[in-house]
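Here is a friendly walk through one protein model. Have a look at the picture first, and then we will go through it piece by piece.

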Amino acid sequence: MPIDNFDTVITIDGPAASGKSTLAIRLAEQLGYLFFDTGVVYRAVTLAVLDKNVPVRDEMACTHLAEEVRIDVQPASQDDGRANDIMIDGEDKTWEIRQPYVEANVSDVAAYPGVRLALLDKQRKIGKRGRVVMVGRDIGTVVVPEAGLKIYLDASVEERARRRYKEQLAQGEQVVFEDVLAALRKRDEIDSNREVAPLRPAEDAIILNSDDKSIEEMQQILFELVEEKGIKAS
Ligand code: CDP
């Protein structure tokens, strides 16, 4: 019988740019756990949809692509700020999946039930191995509801837009703050109101707000929660 190690899974869900990934990377490093940003699988499918000129409104075609596409998350091969290499059908697409045109469409693609079903198993398999910090929208509610510690990380939409704007400028994108804010609002709206696995805290999640806190402060709070739950480093 395969052994599940869900008690050493830590889930961090929350809206876009709430600081989930930065915190999760630090926590994973601190614990010697794997970091898994589940948003990349939705971004990867969306990029594949756009690259193949599949219309985003074509639910069947998007679902079919989600079932067919090969997505691999590998250790970072380059020291250019990436947490992992994201391979789509064998090609390195680490930075392409972060582009604003992917971001503008990802929530529509991620709202399709068939797309979510196709990607559920891939995510749960990684959770089963344990010793992983998983980041997303529905990890504590749907993907790994058995997780040992569930966090819901929030922040105001203005603060999140400021963070995302800075990130995109740093990546050399030509962006306008108001557009970033509007795009985040739209994505929040779609993610929170979709029928399948909407963005919401799990009943037993601990809700944290990162508005007036530094990353270091947040990391400390998180680490204390990990200790309280008796979750041990590798
Ligand atoms: O980094 P950011 O929070 O902006 O986005 P992300 O975590 O990479 O997720 C991109 C999009 O994928 C989200 O806006 C959701 O529409 C979708 N997503 C999801 O539906 N479920 C997840 N577990 C993770 C992401």
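Let us begin with one pair of strands in this predicted model. Strand 2 and strand 6, which covers residues 132-136, run parallel to one another and are joined by 4 bridges. One of the residues to look for is F36, whose bridge partner in strand 6 is M134. In general, strands of a sheet pair through backbone hydrogen bonds, in either a parallel or an antiparallel way.

Now widen the view to the sheet. It is an open sheet of 5 strands with parallel pairing, in the order 2-6-1-7-8. Which strands stand at the edges? They are strand 2 (34-37) and strand 8 (206-209); each has a single partner strand, so one side of each has no neighbour in the sheet. On average, neighbouring strands here are turned by 20° against each other, direction ignored.

Two helices can be described by how they sit against these strands. Helix 1 lies across strand 1 (9-13), strand 2, strand 6 and strand 7 (149-154). Helix 5 packs on the sheet and touches strand 1, strand 2 and strand 6. The table gives their directions.

| Helix | Residues | Angle to strand 6 |
|---|---|---|
| Helix 1 | residues 20-31 | about 175° |
| Helix 5 | residues 113-128 | about 150° |

Next comes the protein as a whole. Its secondary structure comes to 9 helices and 8 strands. The radius of gyration is 17 Å, close to the 17 Å that the globule rule gives for 234 residues, so the protein is as compact as a globular protein of that length. Along the principal axes, the C-alpha atoms fill a box of roughly 50 × 45 × 40 Å. Of the 234 residues, 48% count as buried. The accessible surface comes to about 11,900 Å², and 49% of this belongs to carbon and sulfur atoms. Among contacts between residues at least 6 apart in sequence, 71% join residues at least 24 apart.

Finally, try the backbone angles. Most residues other than glycine have a negative phi. A17 is not a glycine, yet its phi is positive, near 60°. You will find A17 in the loop between strand 1 and helix 1. D89 is not a glycine either, and has a positive phi of about 45°. D89 lies in the loop between strand 4 (84-88) and strand 5 (91-92).

Are these residues buried or partly exposed? A17 is buried, because its relative accessible area is 9%, under the 20% cut-off. D89, at 34% relative accessibility, counts as partly exposed.

Key. Residues are numbered from 1 along each chain as its sequence is written. This is a predicted model: local features need pLDDT of at least 70, side-chain atom pairs count only at pLDDT 80 or more; totals for chains, interfaces and linings use all residues. Side-chain values use heavy atoms; hydrogens and water are left out. Two strands pair if DSSP finds at least two bridges between them. Axes are lines fitted to C-alpha atoms, for helices over the stretch in contact, and angles run from 0 to 180 degrees between N-to-C directions. Contact means heavy atoms within 4.5 Å. The radius of gyration is taken over C-alpha atoms; the globule rule is 2.2 Å times the number of residues to the power 0.38. Buried means under 20% relative accessible area, exposed over 50%, partly exposed in between (1.4 Å probe, protein chains only). Accessible areas come from the Shrake-Rupley method with a 1.4 Å probe; for residues, only the protein chains shown count as cover.
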